[in-house]
Amino acid sequence: MMGAEPVTGMSRGTPAGRPPAPGLTHVGPDGAARMVDVTAKPVTARTASARGCVLLSAEAIRALQAGTVRKGDALAVARIAGIQAAKATPGLIPLAHPIAVHGAEVSLTVGEDRVDITATVRTADRTGIEMEALTCVAVAALTLIDMVKAIDRHGRITDIRVTAKSGGRSGDWQEEDMSQPGRDPGGSPPGTGGGR
């Protein structure tokens, strides 16, 4: 179309020229994505925990339990991959701030048909560490899939979410028991809609 304005994805703003939704701190007044400036925020101790699981076949579960995965200790490799990923988060998530990871704990628990993965990441910095906790769980899960794919090509990663956070302006938050009646499964932690 002659004379049409090129679409760059950064200059056109939000759909139909609408202003960005309130509370989306990663979106500027013009609708363009931006990295939130946290320079003026105080340095505080912050912690975030995340959880997810990998659904696997009975054969893959047996191999994990017996330690007979051909590639080696799948759980140990996945644990180390998760820790490494927490430190690499800013290189993977475009608008995540490079913050110091002062501690990272990853746990993988083999169940009847799944491996549950939990992670807790800590920092003392100007912004939250939820993305690092989520990345930790996600990469640990991906690594586990890679370790057992010769046994189970249909492994499935599911239910990755933040389960708790502490520190920062939005305060402390912990996931409610998923089995509680009336719980909104789509609910999100307060203060997680924008900058960390």
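Visitor: Welcome me in with a small detail: in β5, which residue is the bridge partner of lysine 165?
Guide: Happy to! This is a predicted model, and in it β4 and β5 are antiparallel strands joined by two bridges. One bridge pairs alanine 164 with glutamine 174 of β5. For lysine 165, the bridge partner in β5 is tryptophan 173.

Visitor: Which residue in the turn of the β4 and β5 hairpin has a positive phi?
Guide: Strand β4 covers residues 156-166, and β5 covers residues 173-174. Six residues lie between these two strands of the hairpin. In that turn, a positive phi of about 90 degrees belongs to glycine 167.

Visitor: Which residue other than glycine has a positive phi near 60 degrees?
Guide: Look inside strand β4, where aspartate 159 is found. Its relative accessibility is 47%, so aspartate 159 counts as partly exposed. The residue with a phi near 60 degrees, a positive value outside glycine, is aspartate 159.

Visitor: How many bridges join strand β1 to strand β4?
Guide: Strand β1 spans residues 44-55, and it runs antiparallel to β4. As one example of the pairing, arginine 51 has arginine 161 in β4 as its bridge partner. The number of bridges joining β1 to β4 is eight.

Visitor: Which residue in β3 stands opposite leucine 108?
Guide: Strands β2 and β3 form a hairpin with three residues between them. They pair in the antiparallel sense over eight bridges. Opposite leucine 108, in β3, stands isoleucine 117.

Visitor: Which strands stand at the edges of the sheet?
Guide: Let's put the strands together. Strands of a sheet pair through backbone hydrogen bonds. Here the sheet is open, with five strands in the order β2-β3-β1-β4-β5 and antiparallel pairing. Each edge strand has a single partner, so one side of it is left without a neighbour in the sheet, and these edge strands are β2 and β5.

Visitor: What distance does helix α2 span between its end C-alpha atoms?
Guide: Helix α2 runs over residues 74-92, and a straight helix of 19 residues would span 27 Å. There is a kink of about 50 degrees in α2 at alanine 86, shortly before proline 90. Between its end C-alpha atoms, α2 spans only 23 Å.

Visitor: Which helices and strands do the buried residues of α2 pack against?
Guide: The buried residues of α2 include Leu75, Gly82, Ala86 and Thr89. Notice that alanine 86 is also where the kink lies. The partners that the buried residues pack against are α1 (58-66), β2 (103-110), β3 (114-125) and α3 (130-148).

Visitor: How many disulfides does the structure hold?
Guide: Two cysteines are worth a look here. Cysteine 53 has 3% relative accessibility, so it counts as buried. Cysteine 136 is buried too, with a relative accessible area of 0%. As for disulfides, the number in the structure is zero.

Visitor: Where is the pLDDT below 50?
Guide: The protein chain averages a pLDDT of 84, and 78% of the residues score at least 70. One stretch below 50 has 10 contacts in the model beyond near neighbours in sequence, and another has 17 such contacts. Where pLDDT is low, the predicted coordinates should not be read in detail. The stretches below 50 include residues 4-15 and residues 179-195.

Conventions:
Residues numbered from 1 in each chain as written. Predicted model: local features only at pLDDT ≥ 70, side-chain atom pairs only at ≥ 80, totals over all residues. Heavy atoms only, no water. Disulfide = S-S within 2.5 Å. Buried < 20%, exposed > 50% of the residue type's maximum accessible area, 1.4 Å probe, protein only. Helix = DSSP H or I, 4+ residues; strand = E, 2+ residues; numbered from the N terminus. Expected span 1.5 Å × (residues − 1). Bend = angle between axes of the 7 residues up to and from the residue. Contact = heavy atoms within 4.5 Å. pLDDT = per-residue confidence, 0-100. Pairing = 2+ DSSP bridges.
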